[in-house]
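Colleague: Could you walk me through this one slowly? I am still learning how to read a structure.

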Amino acid sequence: MATVTDDQAPQALLMQLLDPACRADPYPSYNRIRELGPLHLPESNLTVFSSFADCDEVLRHPSTRSDRTNSTITQRQLEAESGPRPRGPASFLFLDPPDHTRLRRLVSKAFVPKVVKALEPDIAALVDGLLDDMEKAGASGSVDVIADLAYPLPVAVICRLLGVPVEDEPKFSHASGLLAASLDPFLALTGHTSDLFDEQMKAGIWLNDYLRDLIDARRTAPGADLMSALIAVEESGDQLTEDEIVATCNLLLIAGHETTVNLIANATLAMLRHPSQWARLGADASRVAAIIEETMRYDPPVQLVGRIAGEDMTIGDITIPAGDTMLLLLAAAHRDPAANERPEEFDPARESIRHIGFGKGAHFCLGAPLARLEASVALSAVTARFPNARLAADPVYKANLTLRGMSTLSVVI
Ligand code: HEM
């Protein structure tokens, strides 16, 4: 175990992770952090876990909580800050039982594998259309895999599922980006700028108002979408409130915007850097599941998650006091040699691929079947359509750490 009083280096490594220059390849920093063992910062009420076994144990531990409102760090922030705040409850990602259980159950029907599988023809048609446009654009130079495929596909799918008009997308993509950035936890350590914080709060308020207006419209003209289904449940009894519908749609919209894009893009990048993988997938679509799982391990779209100690708890030889925050560096855990042999190699054919990139336990990603389906259709189609694709330039990364991803991935097709 490392403590800052012993050595300032571990905290400096964490700061390094924040540096945008580190975003293209954070893995050497993750490895060094993991080799130092859990980083316990009692004066910051924070412990950072990075081995596979520790992250796995925290996710399964009965004393961990996801509701941050009572964490020591949040309480301190609330005392220090004023200004606008979105009203209403948090999404169920940040709730604990019984509210988490109730809300998750209401939404989960829309994401079970059978229902998701039925979306496949629509997803395939969307992918074909995007690849047709790419082919035309590629005739006169490079294409951008993010703007041309990886982003528009999941956005179109989640908008359709929720019943949000895709034409409104330019309006809420900005808000979604700001809210995704607000998930970065080290802001609590470094002290974020109040300008950015205000912008994020305003984006949250704007998106909630946008969703409220849409809910009003759906009340009078329901559609065959998830938002209308949730409204029907609300109107039929006391199972959920309008505020909870807003928070749930907000969560799904952001999850649909900011995660699958990075799975498609990260897999594309890994294969272009390992051209034999690109060629093999193009020739044999049955390899796609292994490509997806290995990308989830090797370069996961969600790099870390947070938890709160609901009561005093012990992980290894560390006692975490109730209220303290725990950060689980999933991306570091996946490169733990105790969990995966040759962890630095991108090898979809490895015997077993151990990852917790969709989380574990009560909060396991609801969208995992959808993300896997979208990625499998997109990746098998893009490799088959453009067998000679190659990287045109180094990719450019966004600043986000938690939902790490590229802003541009230029490819010659
Ligand atoms: C490759 C893409 C995706 C990745 C890597 C991913 C990853 C994750 C992870 C790690 C969690 C657990 C967070 C935690 O334990 O604190 C999670 C939860 C969740 N994800 Fe995803 N996700 C992806 C796509 C999606 C999509 C497309 C949707 C839906 C549109 C979605 C909806 C959710 C929801 C609703 C939760 C909260 C579950 C709960 O709290 O019970 N995700 N996701």
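Modeller: We can go through the ligand, some strands and helices, and a few single residues in turn, keeping in mind that this is a predicted model.

Colleague: Let's begin with the metal, then. Which protein atom is the donor to the iron atom of the ligand?

Modeller: The iron atom of the ligand has one donor from the protein, the SG atom of Cys365, at a distance of 2.3 Å. Cys365 itself sits in the loop that runs between helix H18 (330-333) and helix H19 (368-385).

Colleague: And which residues come nearest to the ligand?

Modeller: There are 27 residues around the ligand, and the ones that come nearest are His100, Arg104, Arg307, His363 and Cys365. For three of them I can give you a distance between an oxygen atom of the ligand and an N or O atom in the side chain: 2.6 Å for His100, 2.7 Å for Arg307 and 2.6 Å for His363.

Colleague: What is the shell made of, in terms of nonpolar, polar and charged residues?

Modeller: The shell around the ligand divides into 18 nonpolar residues, 7 polar ones and 2 charged ones.

Colleague: Which helix gives the most to that shell?

Modeller: That is H14, which gives 3 residues. If you want every element that supplies at least two residues of the shell, the list is helix H5 (99-108), helix H14 (242-258), helix H15 (260-273) and strand S6 (305-309).

Colleague: You just mentioned S6, so on to strands. Which strand do 4 bridges join to S6?

Modeller: S6 is joined by 4 bridges to S9, and the two run antiparallel. Strand S3 (residues 46-49) also pairs with S9 over 4 bridges, but in the parallel sense.

Colleague: Which residue of S9 is the bridge partner of Leu46?

Modeller: The partner of Leu46 in S9 is Thr325, and Thr325 is also the bridge partner of Ile308.

Colleague: Which way do the side chains of S9 point?

Modeller: In strand S9 (residues 325-328), Thr325 and Leu327 point one way while Met326 and Leu328 point the other way, and all of them are buried. As background, side chains in a regular strand alternate between the two faces of the sheet.

Colleague: What about the sheet with S5, S13 and S10 in it, what is its order?

Modeller: That is an open sheet of 3 strands in the order S5-S13-S10, with antiparallel pairing. Strand S5 (143-144) and strand S10 (390-391) stand at the edges with a single partner strand each, so one side of each is left without a neighbour in the sheet. S10 pairs with strand S13 (residues 410-412) over 2 bridges, and the bridge partner of Arg390 in S13 is Val412.

Colleague: Changing topic to helices: what caps the N-terminal end of H13?

Modeller: Asp225 does, with a side-chain oxygen that lies 3.3 Å from the backbone nitrogen of Met227. Met227 is one of the buried residues of helix H13 (residues 226-235), and the others are Leu226, Ser228, Leu230, Ile231 and Glu234.

Colleague: Now some single residues. Is Thr383 buried or exposed?

Modeller: Thr383, which lies in helix H19, counts as buried because its relative accessibility is 1%, and the cut-off for buried is under 20%. Its side chain reaches the backbone oxygen of Leu379 at 2.8 Å and the backbone oxygen of Ser380 at 3.1 Å. Not counting residues up to four places away in sequence, Thr383 touches Met271, Trp278, Leu281 and Gly282.

Colleague: And why does Thr402 count as buried?

Modeller: Thr402 counts as buried because its relative accessibility is 5%. Thr402 lies in the loop between strand S11 (396-397) and strand S12 (406-408), and, leaving out residues up to four places away in sequence, it touches Leu183, Asp184, Pro185, Pro301, Val302, Gln303 and Leu304.

Colleague: How many residues apart along the chain are Thr402 and Ala181?

Modeller: They are 221 residues apart along the chain, while their C-alpha atoms are separated by 7.8 Å. For another pair, Val302 and Ala279 are 23 residues apart along the chain, and their C-alpha atoms are separated by 27 Å.

Colleague: Where is Val302 found?

Modeller: Val302 is found in the loop between helix H17 (288-298) and S6. Setting aside neighbours within four places in sequence, Val302 is in contact with Thr259, Leu330, Gly357, Thr402 and Leu403.

Note on methods
Residues numbered from 1 in each chain as written. Predicted model: local features only at pLDDT ≥ 70, side-chain atom pairs only at ≥ 80, totals over all residues. Heavy atoms only, no water. Donors = N, O, S within 2.8 Å, 3.2 Å for Na, K, Ca; no water. Near = heavy atom within 4 Å. Polar contact = N/O pair within 3.5 Å; in protein donor to acceptor, adjacent residues only side chain to side chain. Nonpolar A, V, L, I, M, F, W, Y, C, P; charged D, E, K, R; others polar. Buried < 20%, exposed > 50% of the residue type's maximum accessible area, 1.4 Å probe, protein only. Pairing = 2+ DSSP bridges. Contact = heavy atoms within 4.5 Å.
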